[in-house]
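Let's take a walk through this structure, with the bound molecules as our signposts. Have the viewer open and follow along.

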Amino acid sequence: DRWVLQADLGHALRNGELSLHFQPQAEINGRIFGFEALMRWTHPTRGAISPDAFIPLAEASDIILDMSAWVLKEACRTAAGWTHPLTVAVNLSPIQFQHGELPLLIQQTLIDTGLPPSRLELEITEGILLGDFAHIVGLLRRIKAMGVRIAMDDFGTGYSSLSYLQAFPFDKIKIDKSFVQSIGRTEQATTIIRAVIGLCRGLGIPVIAEGVETEEQRSFLAQEHCTEIQGYIIGRPAPIQVYSKVVDSLAPASTT
Ligand code: G
Ligand code: G
Ligand code: MN
């Protein structure tokens, strides 16, 4: 089954079966400042397949490189077309750091799409730093030098090492949804979130909490001085048309 799916994945990009959903990111008061682009695969016979199922397959076969290049370009192209200069966040795969010239791909994509670098944020997971650490930090520094921001995704779930925060000046930390969803349920999660927010504030790194679904979670985060949130309480991942009012609301009548 895995093998068949992997073979199908090889055609997915060419057959136009991949698409992007966009999920809003907001200030704690709900004002949307940007979107995270999330890859979707609609299989011709099986229908929607979750990224959790197909991204590991794509990563096992280098198909991830073409798919990721497509996501980056599609996300930048879409964001460049918005009336409001909102930000767009794109997830990177560790495989992209092992092959090809990632900084050049990013630079070329910005040139081709016309998106200003300041509007692009790239999300990496802690796992990326497990490889050749010095090499990867070197690539991250080159990307950051272009004016693109780098965020650490799923913070606290993987191979968290506080030394990573010292080794590279991350522009944002994303607190994993598993912690957010334990707010009010376990004292440990509450304490961890409080500590991460305090740590990042001390280091001067902005924090965004992921997976915020309830007002109880939002108000706890507000009380802890978390400044940004992402989650169903703000909006679900959806085709960008669903958010056309947000990205284009003040479009001058003469140009529409
Ligand atoms: O929305 P959700 O089910 O979309 O995403 C599940 C997982 O897939 C998340 O961990 C997310 O980071 C990852 N993911 C979604 N889109 C992409 C993508 O374009 N590239 C990579 N590498 N991961 C992605
Ligand atoms: O790992 P990453 O942060 O890139 O993954 C984002 C994932 O989180 C996607 O699968 C997305 O659909 C999911 N997600 C986003 N907001 C919420 C939320 O409020 N609740 C839950 N359960 N999942 C969410
Ligand atoms: Mn992400």
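**Starting at the metal**

Four protein residues supply the donors of the manganese ion (ligand 3): E36 (OE), N91 (OD1), E123 (OE) and D153 (OD), at 2.0 to 2.4 Å from it. Keep in mind that this is a predicted model. Read along the sequence, the spacing of the donor residues of the manganese ion is E-x54-N-x31-E-x29-D. N91 belongs to strand β4 (residues 87-91) and D153 to strand β6 (residues 149-155), so this pair ties together parts of the protein that are 62 residues apart in sequence.

Now hop from the metal to ligand 1, using N91 as the stepping stone. Besides being a donor of the manganese ion, N91 has a polar side-chain atom 3.4 Å from an oxygen atom of ligand 1. R40 also reaches for this ligand: a polar side-chain atom of R40 is 2.7 Å from an oxygen atom of ligand 1. M39 joins in through its backbone, where a polar atom lies 3.0 Å from a nitrogen atom of ligand 1. On its own, ligand 1 has 500 Å² of accessible area, and the protein covers 78% of that.

Who else is around ligand 1? The residues there are L38, M39, R40, P51, D52, I55, V71, N91, L92 and S93. Sort them by class and you get six nonpolar, two polar and two charged. Looking at secondary structure, β2 (32-43) and α2 (51-59) each chip in at least two residues of this shell. As for the space that ligand 1 takes up, that's the largest pocket.

Ligand 2 also sits in the largest pocket, and this time E36 is the stepping stone. E36 is one of the donors of the manganese ion, and a polar side-chain atom of E36 is 3.1 Å from an oxygen atom of ligand 2. Two further side chains meet nitrogen on this ligand. For E213, a polar side-chain atom lies 2.5 Å from a nitrogen atom of ligand 2; for Q181, an N or O atom of the side chain is 3.3 Å from a nitrogen atom of ligand 2. Ligand 2 has 520 Å² of accessible area on its own, of which the protein covers 79%.

Which residues come closest to ligand 2? Of the 14 residues that surround ligand 2, the closest are Q23, D154, E210, E213 and Y232. By class, the shell around ligand 2 breaks down into three nonpolar, five polar and six charged residues.

Note on methods:
Residues numbered from 1 in each chain as written. Chains lettered and ligands numbered in written order. Predicted model: local features only at pLDDT ≥ 70, side-chain atom pairs only at ≥ 80, totals over all residues. Heavy atoms only, no water. Near = heavy atom within 4 Å. Polar contact = N/O pair within 3.5 Å; in protein donor to acceptor, adjacent residues only side chain to side chain. Areas by Shrake-Rupley, 256 points an atom, 1.4 Å probe, with all protein chains shown as cover. 1 Å grid on protein atoms, 1.4 Å probe; cavity = no way out; pocket = protein on both sides within 12 Å on 5 of 7 lines; lining within 4 Å. Sits in = over half its atoms within 2 Å of the grid points. Nonpolar A, V, L, I, M, F, W, Y, C, P; charged D, E, K, R; others polar. Donors = N, O, S within 2.8 Å, 3.2 Å for Na, K, Ca; no water. Helix = DSSP H or I, 4+ residues; strand = E, 2+ residues; numbered from the N terminus.
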